[in-house]
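Biologist: Could you take me slowly through the backbone of this model, with a close look at the places where it departs from what one would usually expect?

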Amino acid sequence: MRLIAVGLSHRTAPVELRECVDFARGGLDQALASLAARGIANEVVVLSTCNRAEIYAAGDTEATADGLEQFFSDYHGVPHAQIAEHLYSRRGPDAARHLFRVAAGLDSLVVGEPQILGQVKAAYATATDLHYTGALTNRLFHSAFAVGKKVRTDTGLGEGAVSVSYAAIALAKKIFRDLKGLNVLVLGAGEMAKLTAVHLQAQQVRQITIASRTLQTAQALASHLDAAAVPWSELDPALAAADIVVTATGATEPVLTASRVEESMRHRRNRPLFVIDIALPRDVESEVGNLEQVFLYNLDDLQSIVKENLARRSAELASAERIIEEEVGKFAAWMQSREIIPTVVALRQRFEAIRQSELTRLEGKMSGLPPEARQRVDEITHLIVEKLLLTPTEQLKSVSDEAMVVTYSDALNRLFSLAAEEKAKKTEAPS
């Protein structure tokens with residue numbers, strides 16, 4: 001069984017393409033069911049966030065990776081030529097290393113952000129509840145959870161509010177310097193909206209207003225934050241009164257169009273409007289950024305903050321990477337044992353079967369030997385088999401390259417018909 005990870009992220013694809021391959025939009029359960037129906041892999045987990053869309057799978061053939069890449073195109077109706085150059089494919093320990101870095105927050109837009117570990121856990125929970133995982137993916141994801149926790153516990157990488165929502169606030173502070181006395185409008189009442197509002201509250205802004213399509217949802221969030229809640233029908237006056245707008249809804253179409261924002265600006269007397277769109281799909285039409293006195297930023301615009309975080313946290317990153325490499329080594333050893341041990345066991349059983357068969361064949365000729373001599377023959381032949389298998393066994397166990405492990409295992413199975421013999425045993429078992 002081979003481990004494969006295929007996907008794209010903010011590092012390889014623009015936001016426009018990431019919007020097109022959002023598995024969460026139709027539900028992870030549907031994506032998992034579609035993968036299972038195609039028979040591409042034996043085990044699958046789909047991870048879909050605002051910054052990445054990835055599939056982790058266990059398959060029996062080299063064609064699994066190609067099938068997963070094609071699935072991205074077919075499932076979302078995106079031409080393969082348009083998406084192929086943005087996809088990455090990782091196998092074996094490299095696939096594990098990638099997931100470990102994702103779970104630890106090292107591959108996030110804002111390095112160290114804590115939300116991603118919960119998102120990885122949720123993706124795995126969905127797959128395992130629907131019985132799409134197995135021994136390999138179970139071990140992989142539980143190892144990833146442990147790595148994410150260890151990195152946050154043993155390093156300072158997770159200290160402070162390092163999330164996409166915090167990055168948005170940091171960007172606002174670069175423009176306004178001081179957020180005190182400003183009015184903020186938050187569109188959406190989900191987790192991202194809540195985190196953003198919490199960070200804004202710490203900046204002592206004048207007023208936070210929450211707007212959601214469901215007023216009760218907005219009111220529930222506002223009650224926890226000492227904020228105001230407005231119905232969606234009053235969005236336009238709330239927009240006109242805001243200095244900062246943060247959009248984090250789950251809408252599939254833009255909620256702030258260029259015409260809507262342009263109309264709002266007419267009542268502002270040239271007062272600037274800062275809009276940060278941290279939703280995927282985007283909540284704000286890109287044309288909004290062309291309006292006078294409107295400053296629009298989306299997820300891809302947060303890369304400069306990422307670079308600053310990387311510079312400040314280089315020492316913590318090095319410690320985190322060391323932890324990950326150590327855990328990748330452990331996981332790789334476990335994967336290797338899964339490939340090698342069955343082959344070694346089957347090879348030893350094959351040789352032992354041959355030895356026993358020959359002893360049985362020579363039973364008539366050895367019948368005149370005393371028991372001590374017959375026992376000595378058994379010991380000698382057993383020792384010969386052990387000597388013959390010693391070097392091949394040691395060599396197999398010392399191989400660290402996954403591709404070579406698979407090659408050796410396949411070669412031994414073919415040379416000694418190990419798989420055929422195992423199949424014959426299973427066939428004979430009932431009788």
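Modeller: What follows begins with the unusual backbone angles and then turns to the sheet and the helix that lies across it. Please keep in mind throughout that this is a predicted model. As a background to the first part, most residues other than glycine have a negative phi, and most peptide bonds are trans.

Helix 9, which covers residues 164-176, is a convenient place to begin, since its 13 residues reach 19 Å from the first C-alpha to the last, close to the 18 Å expected at 1.5 Å a residue. Its buried residues are Val164, Ser165, Ala167, Ala168, Ile169, Leu171 and Ala172. Arg177 follows helix 9 and has a positive phi, near 65°.

A positive phi of about 60° is also found at Gln204, although this residue is not a glycine. Gln204 sits in the loop that runs between helix 10 (191-202) and strand 6 (207-212), and it counts as partly exposed because its relative accessibility is 48%, which lies between the limits of 20% and 50%.

Further along the chain, His224 belongs to helix 11, residues 215-225, and with a relative accessible area of 67% it is exposed, because the cut-off for that class is over 50%. In sequence His224 is 26 residues away from Val198, while in space the two are 9.6 Å apart, C-alpha to C-alpha. Asp226 lies in the loop between helix 11 and strand 7 (228-231), and this residue, again not a glycine, has a positive phi of about 55°. At 74% relative accessibility, Asp226 likewise counts as exposed.

A departure of another kind concerns the peptide bond from Leu280 to Pro281, which is cis, with omega near 5°. Pro281 is placed in the loop between strand 9 (273-277) and strand 10 (294-298).

Turning to the sheet, 4 strands form an open arrangement in the order 2-3-1-4, with antiparallel pairing. At its edges are strand 2 (43-49) and strand 4 (88-91), each of which pairs on one side only, and neighbouring strands of this sheet are turned by 15° against each other on average, direction ignored. Strand 2 pairs with strand 3 (residues 52-59) in the antiparallel sense over 7 bridges, and within this pair Val46 stands opposite Ile55 of strand 3. Helix 8, residues 135-154, lies across strand 1 (2-9), strand 2 and strand 3, and it runs at about 40° to strand 2.

Methods
Residues numbered from 1 in each chain as written. Predicted model: local features only at pLDDT ≥ 70, side-chain atom pairs only at ≥ 80, totals over all residues. Heavy atoms only, no water. Helix = DSSP H or I, 4+ residues; strand = E, 2+ residues; numbered from the N terminus. Buried < 20%, exposed > 50% of the residue type's maximum accessible area, 1.4 Å probe, protein only. Expected span 1.5 Å × (residues − 1). Pairing = 2+ DSSP bridges. Axes fitted to C-alpha atoms, helices over the stretch in contact; angles between N-to-C directions. Contact = heavy atoms within 4.5 Å.
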